[in-house]
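Subject: Structure for your review

Dear colleague,

Please find the structure below, handed over for your own inspection. My findings follow it.

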Amino acid sequence: MNVRRNSFFRTKSVEQSIADTEEPEHALKRSLSALDLTVFGVGVIIGTGIFVLTGQVAKNNAGPAVALAFVLSGIVCGLAALCYAEFASTVPVAGSAYTFSFATLGELPAWIIGWDLILELALGCAVVSVGWSGYIRSLMDNVGWHLPTALAGSTDTDTHFDLLAFLLVLVLTAILVGGAKLSARVTSVVVAIKVTVVLIVIVVGTFFIVGDNYTPFIPDAVPTPAAESNLKAPLIQLIFGYTPTDFGVMGIFTAAAVVFFAYIGFDIVATAAEETKNPQRDVPRGILGSLAICTVLYVAVSVVVTGMEKYSKLSVDAPLADAFKDTGHPFWAGLISFGAAIGLTAVCMILLLGQTRVFFAMSRDGLLPRFFSRVHPHFRTPYRSTMLLGGIIALVAGFTSISELAELVNIGTLFAFIVVAIGVVMLRRSRPDLPRSFRTPFVPWVPALSVMATLWLMLNLPAETWLRFLLWMVLGFVIYFAYGHGHSRMRQQDVG
């Protein structure tokens with residue numbers, strides 16, 4: 001390939017990517033272990049999914065068979081995780097899928113995936129912080145404390161400033177500036193509380209299971225309610241005329257497309273590869289370990305909660321807490337609400353961590369202003385990009401009700417999964433000589449299965465989500481051609 005004529009698809013060698021991490025002004029501190037990464041993974045995966053989606057999907061899509069939906073989703077994520085593990089151990093550089101794309105597909109595809117990740121992680125952090133604020137306000141209301149309406153966040157009809165969400169993001173930004181190890185310590189405490197609460201649900205809830213609640217385990221299929229408009233219909237329905245069903249065997253697959261998003265987060269472990277002491281060994285362990293732990297916990301919780309209360313009676317907003325409340329155990333219900341609020345803190349922190357690392361990597365490559373790739377002289381963290389993004393996300397969380405935009409987080413993650421799976425195959429062919437401490441098994445079959453399974457889930461998303469995603473990508477192209485392409489370090493080296 002002629003690099004100059006095909007400058008949009010110039011690739012950045014793995015050796016150059018690793019060499020860039022050693023520049024004193026742009027080098028991150030290596031302080032994380034496999035345990036830290038596993039904690040990060042568990043911390044970001046176990047969030048609103050286990051505390052909310054379990055009941056919502058059981059009631060609306062799958063009944064007690066929601067446990068099988070979690071198994072199916074775990075398998076799909078496992079395929080993607082195997083691809084991430086190989087890439088992260090081969091290219092242990094900040095940026096995750098962005099860096100992997102640069103090494104295999106070229107600069108323009110890398111920009112596209114990086115721009116996609118910025119949207120995914122920023123919106124994810126903002127959405128979760130708003131959810132956290134709601135839990136805290138609920139707990140405050142229980143003890144008679146009430147925030148003024150003007151500071152209590154937006155509703156579907158009124159727009160107000162969400163003070164709690166705003167302050168949470170600012171505090172987490174300060175912690176991240178203080179270093180990844182400090183973040184890991186805070187996250188470890190939060191995750192310990194969160195996992196303890198989940199285990200309490202499983203152990204205590206087992207004593208309240210009623211066998212009749214599992215009958216029927218797979219309820220009879222019913223047609224999915226018609227969408228209000230074509231844009232709200234799943235894309236697969238508009239293209240192929242296929243109408244998803246709720247309940248029945250196919251309802252399990254519909255449910256799997258929903259609960260899949262409860263697993264989002266293990267990929268963020270890869271963004272911390274550059275700050276890991278032994279990334280070739282520890283990053284694959286962190287990715288696969290956190291995914292395995294969360295799959296077991298998800299399945300166990302779904303089995304317990306659908307056994308405690310008939311699936312048709314489960315609450316959609318707080319199914320775990322309400323299941324205990326409805327069986328006459330308000331103490332456990334309050335403890336679960338507290339655990340959910342604490343747990344979402346870790347989710348916000350790790351999403352913000354992942355986003356700042358992607359932004360940092362793009363800045364270091366010149367696709368975004370290099371000013372943001374300088375690290376703090378003492379903490380060795382990308383403090384400029386962290387402060388910028390933390391401030392923006394705090395404002396978004398404070399002023400915006402973005403529940404409808406939450407699905408953009410999902411489509412962005414799925415898009416990254418596809419790129420990584422394709423990249424593994426391409427790098428195997430273009431650079432078979434690279435040392436790989438972890439190898440994805442059965443290449444190219446596992447990556448191919450990952451692409452097909454991920455694409456299926458993407459097609460089940462509403463058409464309006466695809467439209468918003470395309471609009472964000474168009475904006476990304478404008479920025480790339482107006483700034484990134486001209487300031488790219490790779491292009492400047494070619495010209496030189």
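The notes below take up the nonpolar cores, the salt bridges, the cysteines and the surface in turn. Please bear in mind throughout that this is a predicted model.

**Nonpolar cores**

In soluble globular proteins, nonpolar side chains tend to be buried together. The largest nonpolar core here comprises 146 residues, and Y84, Y98, F266 and I287 are those with the most contacts inside it. Helix α13 supplies the largest share of this core, with 17 residues. The surroundings of Y84 may be worth viewing on screen: leaving aside residues up to four places away in sequence, Y84 touches S96, A97, F100, F266, D267, A270, I287, A416, F417 and V420. Two of the core residues named above, F266 and I287, thus appear among the contacts of Y84.

There is also a second, separate core of five residues, including L79, L82, A85 and V446. L79 is also a contact of S450, which touches A80 and A421 as well, again not counting residues up to four places away in sequence. S450 is located in helix α16 (residues 445–459) and is buried, at a relative accessible area of 1%.

**Salt bridges**

The structure contains seven salt bridges. Three individual pairs and one network are described here.

The side chains of D365 and K12 form a salt bridge, at 2.3 Å from N to O. This pair links distant parts of the chain, 353 residues apart: D365 is in the loop between α13 (330–364) and α14 (383–399), whereas K12 is in the segment before α1 (14–20). D365 is buried, with a relative accessible area of 8%, and K12 is likewise buried, with a value of 5%.

R428 and E86 are joined by their side chains in a salt bridge of 2.9 Å, N to O. Because R428 belongs to helix α15 (residues 406–430) and E86 to helix α4 (residues 66–90), the pair ties together parts that are 342 residues apart in sequence. Both R428 and E86 are buried.

R281 and D282 also meet through their side chains, with an N to O distance of 2.7 Å. R281 is partly exposed, at 42% relative accessibility, while D282 is buried, at 1%.

Finally, E15, R431 and D433 are linked in a network of salt bridges.

**Cysteines**

How many disulfides does a search of the whole structure find? The search finds zero. C348 is therefore unpaired: the nearest cysteine sulfur, that of C125, is 4.7 Å away, whereas a disulfide requires the two sulfur atoms to be within 2.5 Å. C348 is buried, with a relative accessible area of 0%. C294 is buried as well, and its relative accessible area is 0%.

**Surface**

A nonpolar patch on the surface is formed by L68, F217, I218, V249, M250, F253 and W456, which together have about 570 Å² of accessible area. Helix α10 (residues 248–259) contributes the largest share of the patch, three residues. One of the other members, I218, is placed in the loop between α8 (180–206) and β1 (222–223). I218 counts as partly exposed because its relative accessibility is 34%, which falls between the limits of 20% for buried and 50% for exposed.

With kind regards

Methods: Residues numbered from 1 in each chain as written. Predicted model: local features only at pLDDT ≥ 70, side-chain atom pairs only at ≥ 80, totals over all residues. Heavy atoms only, no water. Buried < 20%, exposed > 50% of the residue type's maximum accessible area, 1.4 Å probe, protein only. Patch = residues over 30% accessible without salt bridge, like charges linked within 9 Å, V, L, I, M, F, W, Y side chains within 5 Å. Areas by Shrake-Rupley, 256 points an atom, 1.4 Å probe, with all protein chains shown as cover. Salt bridge = Lys/Arg side-chain N within 4 Å of Asp/Glu carboxyl O. Helix = DSSP H or I, 4+ residues; strand = E, 2+ residues; numbered from the N terminus. Contact = heavy atoms within 4.5 Å. Core = buried A, V, L, I, M, F, W, Y, C linked by side-chain atoms within 4.5 Å.
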